[in-house]
Structure formats: structure tokens, C-alpha cells
Amino acid sequence: MKMDFTGQGGKQIVERVISYNEAKGEIEGLEKIEISGRCARECINISYGFFTPLEGFMKQEDITAVCDKMTLKDGTLWSIPIVLDVDEKDAERAEKAGKVLLTYRNKPLAICEVEDVFKYERMKMAEAILGTTSKKHPGVRIFANMENTFIGGKVTLINQPKFNRPFDRFWYTPKRLREEFRKRGWKRVVAHQTRNVPHTGHEWLMKGAWFSVNGELSVEKLQSGILVSCIIGPKRVGDYIDEAILLSHKTLQEAGYFRDDIHMVSFVLWDMRYAGPKEAIFHAILRKNMGCTHHMFGRDHAGVGSFYDPYDAHRIFDRIDNKSLEIKPVRVLEWWYCPVCNEVTYSGFCAHINKRQNFSGTMIRSMIQDRVKPTSLIMRPEVFEIVQHCATRYGFGSPFSTEKYLRERQPVFELESF
Amino acid sequence: MKKYPINIWINEERYKSLIEKGLEHLAKDVLAGMKVIQVFCTEEEKEKILKLFPTAKLDTSTTNSIELLPPEVKNKIFKLILKRKSLDVVGELLREIDR
């Protein structure tokens, strides 16, 4: 069977990656522009095709279309601007040069063909995408902290990131993922996006989504899979450390709560905008490019505080033309513990509403923080143990990000010096 | 009005201490068999706690509880409960921290 590499908008997934040696002649004498961590992560994503059909950072017309119509200039559905912001001096140098070498942590990363240099009202972007300009919104702060000027143009990666352990085991580009899905014989793949260590509520969300997705397919030879797609990006004090997120999901499989032929764990480098419904659309596009056929959306997907209604990220799919998004949303309500049913159950089934006990991620974090092992109905003991192990091994004693972790942790990836 | 709970998770060791003091009735099942003692804060106490401990936060989406307090603060609250045989200990905790 021929591999299908069709991504968002019907465009083929193309890797814009060449070796440093191949690029050597081309980059000699190029102006260098040092870019931020967010831009570096997005440059890597563009280059591997995570953001297909984008081949580079957005030009002004694309950004305007995203803000005004939630599409690219050519009408392809797209909901979050992917921008390269630089200071004015760098922008001037880039405009003159026409082609620049993007560096990250002073190491070469990618070649950028400068096709557009422009100013854009950052808070206009924030308002259009997030629906607010309140500085209490973490996504607004991303826009507010951007530089004033932007460069649009194609990028080509010349220095592939080397992922440190334990990330290296879980790094799959869209092409590698699709090959992996084919090898496993998965006809349908549902993405579970997470930034959390899994409690049993998450586990049942995934299991419930699998049933929805498998539908009429054979159950003698399973042909549907769950892709746990962890978001690895900037962290705040109090967030679970990245290593604990990845390894605890893998532990669910290793401890047998998921068979290894229906479950796999990977990650995406992404700086969450917490854009609620618009970010849900973006996540769907991202996972479409990664080869998923379905994407699970739970309560308050990609939301923050009370900026969005908990089910806004479901409703937005009602306004999207099916043809513009070739991945199906799987909408799920909450799973809770019911002492009458005596089980973790789905809120769409259980009528003991007054008896329900909600899973609160924050509450479970509190138990872990206090080092009190939750009951196995809340969290699998193996998950609790690996989280404690990660605290010692990676978190300077804490399973949650601390100032020390943020300052001294090993980087997720490194770039080679040439 | 006291409306913001702080959850003190109860493990076996702590539960034994509660039984010794005849306070086991204070612990209630909250989530799938986990026991908890809740002490409640006023609006003013909540604000003070969130300011004193920047990692702590109010779980506005579900329980309205103050979460992610340092474990040593929770230990201190638990000890005060045992000492005072009362859940009304947040004021004393804040006074001790102020000192």
C-alpha cells in the first residue's frame, strides 16, 4: 500500500531539511539572526511538515486572513498565526540581505528566504485569535512579548535537533508517525493531546475515544490506535515536568493498562496559546498532518481560567465545513467517579449527578505534591511511582516545575555546533 | 464567610493520628476512596495565602479550593488541627507565619 502523505489543505507533507554540509556553501557569509525559543520550535515544526501547508513563517497577507477569516490567504483553514518576530534592526538587515541564517542559542538552525518584512499590530492578532487582550491570559502575553516587526518566508532546516533522553524515544516527525501507523496496521488513529500526568479520568477518556473511533471496524484484529500527543513547550512553575508527562503515559502501556498494539506516545514542540476553540482547530490541523484521523476534545480544551465556555472548543467544529478539515473531532464530556456506580464513569451515562466526584487535575496534583499515593481508582500505582522517580531523576526532587528546574533542567533538544 | 477549602490528604499514618485524638470523623471521602480534611479560609485569608505562597493557586474550574501549597504548610495545618482539635486553624497558621 502506498504511503499517504496528504496533509492539511490536501497538500503533501514535505520535509524542508538538508544537512549542514549540503548547506555549507549557501550559508557562507549570510547575515545571522538569533531567534527566540518559540520561533526555533516553530521553525523545526515547519521544516518537518507539522504545519503543512506552511513552508515558512507567515507573510502579512496570511496573518490577516488567519485573523479575519480563520484561513490562510488561499482559503485553507488555519487558526493560529505562525510568525517570526525580530527586532527592527534585524528586520532591516534581513530585508537587505534577502536570505538569512536563523540561529538559536547561537547555533545555526535554518535558512530563511526573506519574502516579506512588515509591522503588525500584535494586540490585534491577540484579540482576533484569543478574543481578549487581557494580560491575565497567557496567550495574550505571548503576543504582547513579541517584537514589533516580522519576517515572512520559507525556511529550510540545516541542523536537526538532537533530543536528549527521555525525549529521544518519543520524537516522531509526521512522516515517521505515518510510517509507524502503517506498520502497526492502524486505519484510524485518535489523538489525545495532553500536558498532564494521566489519572484514570484521562485513561477512560482515551479508552472511550477508542471505542468511538473503532466503530464498525473489526475487533478481531484491532485497526485503531490512540496517539498520546504530549505538548512540550515552555513551562510555568507548578506544571508537571515534561519527563514525568511522557514517561507516565508510557507507563500506562508498559504496566498493561493499554495494549502496545493500540497505544503509542509521542510529543510535539508547541507553545500553547490557550486559545480555546481556535486552538482546538489548530490542534486538529496539527494532528491531521501527523496522520491522525480523529482528535479527541474534552472539557475546556486548550482553555484557560474562565476565558472560554468549557464546550466552546466543541462548538467551533459545528461552524467548520467538513471538507476544510480532514480529521474528525471526537467530542467527549467528563468522566467522573460515582460512589453509587462504584466506578469511574462517563457523565453521559451516570444519572447520580448529585453524588458525582469530579476529577480535578489540580486536586490530584495536590495529592502528589503532598506525596500521598492516590487510590488506584484515581491514579494507577505505577503512574504514581514513575512520577516520583521522575521527580528524583529529572525534577531536582519535585514532579512539578520549580524555579531550579526551569533554570537548570537539561534542554529538551540540542543543536550541534559546526 | 469561610468558603475556600484547603485539602489535607489523609494517608494511613495521619489517619492513625486522627483516631488517637478521636478526630477521625473530620476526614471524609472525596474522590474514589481518598480521604481529606478540609479547612476553610475567608476571602481575606485566601488572598493572604495566595500572596504568601506564589506557587499556590485557586482551583476556580471545579472545587474552588486552594491548591499546590507547599507540603510543609499542609503538615503545619495538620499539626494545628491535632493540637487544637479544631478545623478553625488558618488564622493561627497565618499569625505563626507572620511571626
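Colleague: Which residues is A:Leu77 in contact with, leaving aside its neighbours within four places in sequence?

Modeller: In this predicted model, that list runs A:Met70, A:Thr71, A:Ile281, A:Ile285, A:Ile320, A:Ser324 and A:Leu325. A:Leu77 itself sits in the loop between α3 (60–69) and β3 (84–86) of chain A.

Colleague: Why is A:Leu77 called buried?

Modeller: Count the C-beta neighbours inside 10 Å: A:Leu77 has 22. The cut-off for buried is 20 or more, so A:Leu77 counts as buried.

Colleague: What makes strand β9 of chain A largely enclosed by the rest of the structure?

Modeller: β9(A) covers residues 188–194, and 6 of its 7 residues are buried, so the strand is largely enclosed.

Colleague: How do you know that β9(A) and β12(A) pair?

Modeller: Pairing needs at least two bridges, and β9(A) has 2 with β12 (residues 294–297), in the parallel sense, so they pair. One bridge joins A:Val190 to A:His294 in β12(A). With β10 (residues 224–232), β9(A) pairs in the parallel sense over 7 bridges, and there A:Gln193 stands opposite A:Ser229. Helix α8 (residues 200–214) joins β9(A) and β10(A) in making a right-handed β-α-β unit.

Colleague: And the other chain: how many residues of chain A are in contact with chain B?

Modeller: 22 residues of chain A, against 19 residues of chain B. On the chain A side, β16 (357–358) and α12 (361–369) each supply at least two residues, with α12(A) giving the largest share, 6 residues. By type, that side of chain A has 8 nonpolar, 10 polar and 4 charged residues.

Conventions. Residues are numbered from 1 along each chain as its sequence is written. Chains are lettered from A and ligands numbered from 1 in the order in which they are written. This is a predicted model: local features need pLDDT of at least 70, side-chain atom pairs count only at pLDDT 80 or more; totals for chains, interfaces and linings use all residues. Two residues are in contact if their C-beta atoms, placed from the backbone, lie within 7 Å. Helices (H or I, at least four residues) and strands (E, at least two) are DSSP runs, numbered from the N terminus. Ala, Val, Leu, Ile, Met, Phe, Trp, Tyr, Cys and Pro count as nonpolar, Asp, Glu, Lys and Arg as charged, and the others, Gly among them, as polar. A residue is buried if 20 or more other C-beta atoms lie within 10 Å of its own, exposed if 12 or fewer, and partly exposed in between; C-beta atoms are placed from the backbone. A crossover is right-handed if, with the strands pointing away from the viewer, the path from the first strand over the helix to the second runs clockwise.
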